[in-house]
Amino acid sequence: TTVDQEQMVEFDSLLTKLMSGFAMLAIDGCDFILSIGVQSFAYRSISEPSNEVVQRGSRESFVEPFVINISMIRRRMKTPKLKFERMQIQSESKTDVCLCYLRDKVSPQILKQLKNNISKIKLETVMASGYIAPFIERRGLFNGVGVSERPDTVCGKISEGRIAIIVDGTPNVLIVPHLFIENFQTFDDYATRPFFATFTRWLKVFAFFLSIFLPGFYVASGTFHPEFLPQVLLTKVVQAQSETPFSLMIECIMIHIIYEILREAGLRVPKPLGHAVSIVGGLVIGEAAVQSGLVGPPTLMVIALTAISSYVVPSLYEQTAILRLIFIIIGGTLGFWGITLGFCAILISLCSESIYKIPFSAPLSPFNLKSMRDVAIRASWKILRKDVEKIQNMPGSNVKKK
């Protein structure tokens with residue numbers, strides 16, 4: 001039977017292999033020791049993805065051992081151009097990292113810079129891919145490194161010139177570079193009919209802006225600009241406000257924080273108690289808060305709608321939750337002018353940042369009409385297959401073309 005064998009001449013490397021379960025064969029008179037891969041370990045079986053749920057497509061997700069994850073990618077891309085390059089973070093844990101890319105699609109400049117960033121990581125222990133993500137991503141509110149637990153999604157990104165980073169011990173694979181517009185693209189978009197995929201993609205964009213700006217607009221309208229509200233709705237808001245002791249801004253902040261507490265409790269609570277948390281949140285806190293006069297029904301409805309909308313784009317939930325709170329405060333203090341300035345600040349931040357010398361907002365800014373076939377709409381595969389765009393060829397990129 002063929003096993004993994006390697007000649008060891010350094011004591012530190014020998015210890016690392018020995019701690020990883022390799023058997024060592026030392027022969028008198030030889031100046032090296034032979035390491036033999038006989039290790040065996042228990043691991044979680046391949047199951048259905050829990051975070052990236054799709055209606056069509058594979059039901060397989062990555063697991064913790066990176067050797068299994070490599071085999072899942074290799075099974076989907078049977079090409080000799082697919083390369084797996086193994087690295088090791090020089091820490092106490094000696095965590096193995098594997099870079100996966102296509103040799104004819106990847107940018108050598110991005111690959112070299114990524115290797116350099118990984119080699120400079122100085123951490124004693126690396127227990128998850130999130131440990132090393134800050135060392136290889138852009139600094140800002142939005143992430144420049146994608147995360148996926150689906151092998152088919154990773155293979156699709158690799159075919160566009162991206163690099164997948166597989167970290168041993170975690171089922172989440174990092175993808176570099178990652179653009180902002182990719183947060184609104186899912187695997188289902190490419191497995192369903194183009195017209196419906198285009199509709200759902202625009203729906204995600206609308207839900208994203210709704211989840212961020214709706215509470216701020218509601219607070220700003222009720223506080224500074226009541227003329228923007230319809231007469232019937234304004235009457236309901238004024239009537240609800242007359243029965244509650246807090247201002248609109250305080251109400252929205254209070255409900256937003258209560259919701260985040262319930263969400264965090266739902267994530268951490270043991271599964272048998274999950275239904276109890278839902279009942280307490282939906283009945284006791286929601287209905288009782290309105291009946292007791294602490295918050296008004298319109299405020300509760302606005303926060304509930306934005307909370308649901310934030311789950312339409314789950315990869316941006318962390319940013320959405322923070323921005324929602326910020327715009328509630330801005331809307332309650334500066335009105336529509338403050339919200340407009342805040343939106344401009346976010347827009348400038350997105351358009352001015354880059355990830356590995358590729359504009360983070362590409363291909364929207366700088367604009368590329370050809371790329372709109374997979375941004376503004378989702379064209380059919382008869383059109384998409386003709387010319388697969390590489391990530392380093394995005395408009396405004398300073399990466400040297402291969």
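Here is a short tour of one helix and a few strands, to follow in your viewer.

Before you click, know that this is a predicted model, where local features need pLDDT of at least 70, side-chain atom pairs count only at pLDDT 80 or more, and totals for chains, interfaces and linings use all residues. Residues are numbered from 1 along each chain as its sequence is written, and side-chain values use heavy atoms, with hydrogens and water left out.

**Stop 1: helix α3.** Select residues 108–119, the 12 residues of α3. Helices (H or I, at least four residues) and strands (E, at least two) are DSSP runs, numbered from the N terminus. Now colour I110, L111, L114 and I118, which are buried in α3 (under 20% relative accessible area, with exposed over 50% and partly exposed in between; 1.4 Å probe, protein chains only). Look down the axis of α3: its buried residues fall within an arc of 100°, so they line one face of the helix. That arc is taken from the directions from the helix axis to the C-beta atoms.

**Stop 2: strand β8.** Next, select residues 173–176. Are the two faces of β8 covered or open? Both are covered, with V173 and I175 buried on one side and L174 and V176 buried on the other. In a regular strand the side chains alternate between the two faces of the sheet.

**Stop 3: the neighbours of β8.** Add β6 (residues 146–148), which runs antiparallel to β8 and is joined to β8 by three bridges; two strands pair if DSSP finds at least two bridges between them. Find S148 opposite V173. Then show β7, also antiparallel to β8 with three bridges, and spot A164, whose bridge partner in β8 is I175. Finish at G169 in the β7–β8 hairpin, where five residues sit between the strands and G169 takes a positive phi near 100°.

Technical notes: Expected span 1.5 Å × (residues − 1).
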